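I opened the model to look up how some of its helices pack and what surrounds the ligand. My notes follow in the order in which I went through them.

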Amino acid sequence: MKTYRIACIPGDGIGKEVIPAGQEVLAALAAARGDFGFDFESFGWGGDWYRRHGAMMPADGLDALRNKDAILFGSAGDPDIPDHITLWGLRLKICQGFDQYANVRPTRILPGITTPLARCKPEDLDWVIVRENSEGEYAGVGGRAHQGHPLEVATDVSMMTRAGVERVQRFAFKLAQSRPRKKLTVITKSNAQRHAMVMWDEIAREVARDFPDVSWDKELVDAATARMVNRPASLDTIVATNLHADILSDLAAALAGSLGIAPTGNLDPERRYPSMFEPIHGSAFDIMGRGLANPIGTFWSCVMMLEYLGEDAAAAALMSAIESVTANPALHTGDLGGKAKTVDVTRAVIDCLAAGVNGNRRAA
Ligand code: IPM
Ligand code: MG
């Protein structure tokens with residue numbers, strides 16, 4: 001029986017609530033199916049670690065993760081530590097250290113969830129955003145000089161490489177090709193950003209030649225926000241730079257009903273390193289420690305992880321359990337306007353999994 005080694009990094013805030021919930025659900029799924037197992041190892045890195053050790057994770061922390069099959073990550077962010085330290089010290093250290101260059105963000109309106117878009121039917125919104133996850137605006141290139149003086153200067157340089165752009169666009173074309181509509185929208189801003197974004201467009205045209213069956217178009221990032229709201233059905237797979245996709249994916253999650261639901265995978269498609277799966281929401285200090293967090297974003301991230309591990313049947317079983325739980329408004333957490341707690345949603349998903357597997361066994 002295959003046992004997957006999973007590193008769990010709850011991080012900060014509600015990450016400490018949703019990641020244990022994710023582990024419970026994965027363990028229940030494995031127990032119900034009986035054909036694979038999980039060996040979880042938890043790492044207490046994040047804000048508390050920083051207070052004790054002056055760093056968000058140990059200097060050799062990546063070595064502890066290197067041999068895992070996947071990483072399940074909660075969130076990083078602490079009211080007492082500057083955001084750029086929590087981000088660069090943990091999440092980006094892992095994403096960039098393991099060259100997880102493709103960040104995949106699926107968005108759908110799940111059963112029982114209402115979109116703020118009055119005229120949008122659930123089937124009109126079925127997107128996957130591919131975010132360049134290793135360079136661009138998050139390259140970390142830049143600096144400050146004359147600090148504290150009137151002539152202080154600061155730069156953040158968006159750095160794009162031909163290889164970096166090509167690999168993520170190739171990934172996005174391939175993903176688009178695997179989806180029923182075979183449709184890709186390349187987000188750009190080459191009207192204003194006349195160097196790197198022009199190269200980005202040129203590379204899209206080149207890569208597209210290898211995917212003649214994928215229909216693709218180009219959209220400026222500002223116009224893309226309006227299109228997501230006004231013509232959601234005109235989009236399917238979307239590829240964008242690190243920062244553009246960061247912004248578009250929050251809009252996407254809100255249009256699909258809540259940030260609490262949205263999942264993501266930070267993938268190394270070449271599988272040289274473990275990939276990392278996480279809910280898109282942050283540490284949400286306003287509700288932390290009260291059992292109010294929506295664990296669905298984590299559960300859906302677990303579905304992505306299972307798909308990545310090749311456990312497609314288990315992934316489908318978990319996704320259908322999630323969907324039958326979201327369909328019941330009595331099981332909605334506060335972000336969805338409901339009163340359910342993290343444990344209620346977790347228990348319901350676990351019950352569903354057990355019922356589903358027994359149902360299957362009876363049918364077989
Ligand atoms: C995301 C988040 C992060 C980002 C934050 C926490 C720095 O918003 O994953 O989308 O901007 O990358
Ligand atoms: Mg974001």
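Entry 1. I began with helix 5 and helix 6, which are oblique to each other because their angle of about 45° falls outside the ranges for parallel, perpendicular and antiparallel. The model I am reading is a predicted one. Helix 5 covers residues 162-178 and helix 6 covers residues 196-208, and I find their axes 9 Å apart. The crossing of helix 5 past helix 6 is right-handed. On the helix 5 side I list Arg162, Val165, Glu166, Val168, Gln169, Arg170 and Phe173. These meet Met199, Trp200, Glu202, Ile203, Ala204, Glu206, Val207 and Ala208 of helix 6. Sorting the residues of this contact by class, I get 9 nonpolar, 1 polar and 5 charged.

Entry 2. Next I turned to helix 9 (residues 296-308) and helix 10 (residues 312-326). I looked up the angle at which they pack and read about 160°, with the axes 8 Å apart. Angles over 145 degrees count as roughly antiparallel, so I enter helix 9 and helix 10 as roughly antiparallel to each other. Helix 9 passes helix 10 in a crossing that is left-handed. From helix 9, the contact takes in Ile296, Phe299, Trp300, Cys302, Val303, Leu306 and Glu307. From helix 10, I note Asp312, Ala314, Ala315, Leu318, Met319, Ile322 and Thr326. The class count for the contact of helix 9 with helix 10 is 11 nonpolar, 1 polar and 2 charged.

Entry 3. I stayed with helix 9 and checked its contact with helix 1, residues 15-33. Their axes come within 9 Å and cross at roughly 50°, which makes helix 1 oblique to helix 9. I record a right-handed crossing for helix 1 past helix 9. Helix 1 contributes Val18, Ile19, Ala21, Gly22, Val25, Leu26 and Leu29. Helix 9 contributes Thr298, Phe299, Cys302, Met305 and Leu306. How many charged residues does the contact of helix 1 with helix 9 have? I count no charged residues there, with 10 nonpolar and 2 polar. Phe299, Cys302 and Leu306 are on my list for helix 10 and again on my list for helix 1.

Entry 4. Last, I looked up which residues are around ligand 1 and found Leu87, Arg91, Arg105, Arg131, Tyr138 and Asp246. I then went through the side-chain N or O atoms that approach an oxygen atom of the ligand. For Tyr138, I read a distance of 2.6 Å between a side-chain N or O atom and an oxygen atom of ligand 1. For Arg105, the corresponding distance to an oxygen atom of ligand 1 is 2.8 Å. For Asp246, I also entered 2.8 Å, again from a side-chain N or O atom to an oxygen atom of ligand 1.

Methods: Residues are numbered from 1 along each chain as its sequence is written. Chains are lettered from A and ligands numbered from 1 in the order in which they are written. This is a predicted model: local features need pLDDT of at least 70, side-chain atom pairs count only at pLDDT 80 or more; totals for chains, interfaces and linings use all residues. Side-chain values use heavy atoms; hydrogens and water are left out. Axes are lines fitted to C-alpha atoms, for helices over the stretch in contact, and angles run from 0 to 180 degrees between N-to-C directions. Helices (H or I, at least four residues) and strands (E, at least two) are DSSP runs, numbered from the N terminus. Angles under 35 degrees count as roughly parallel, over 145 as roughly antiparallel, 65 to 115 as roughly perpendicular and the rest as oblique. A crossing is left-handed if the near helix is turned anticlockwise from the far one by less than a right angle, and right-handed if clockwise. Contact means heavy atoms within 4.5 Å. Ala, Val, Leu, Ile, Met, Phe, Trp, Tyr, Cys and Pro count as nonpolar, Asp, Glu, Lys and Arg as charged, and the others, Gly among them, as polar. A residue is near a molecule or strand if one of its heavy atoms lies within 4 Å of it. A polar contact is a pair of N or O atoms within 3.5 Å; within protein, one must be able to donate a hydrogen and the other to accept it, and residues adjacent in sequence count only if both atoms are side-chain atoms.
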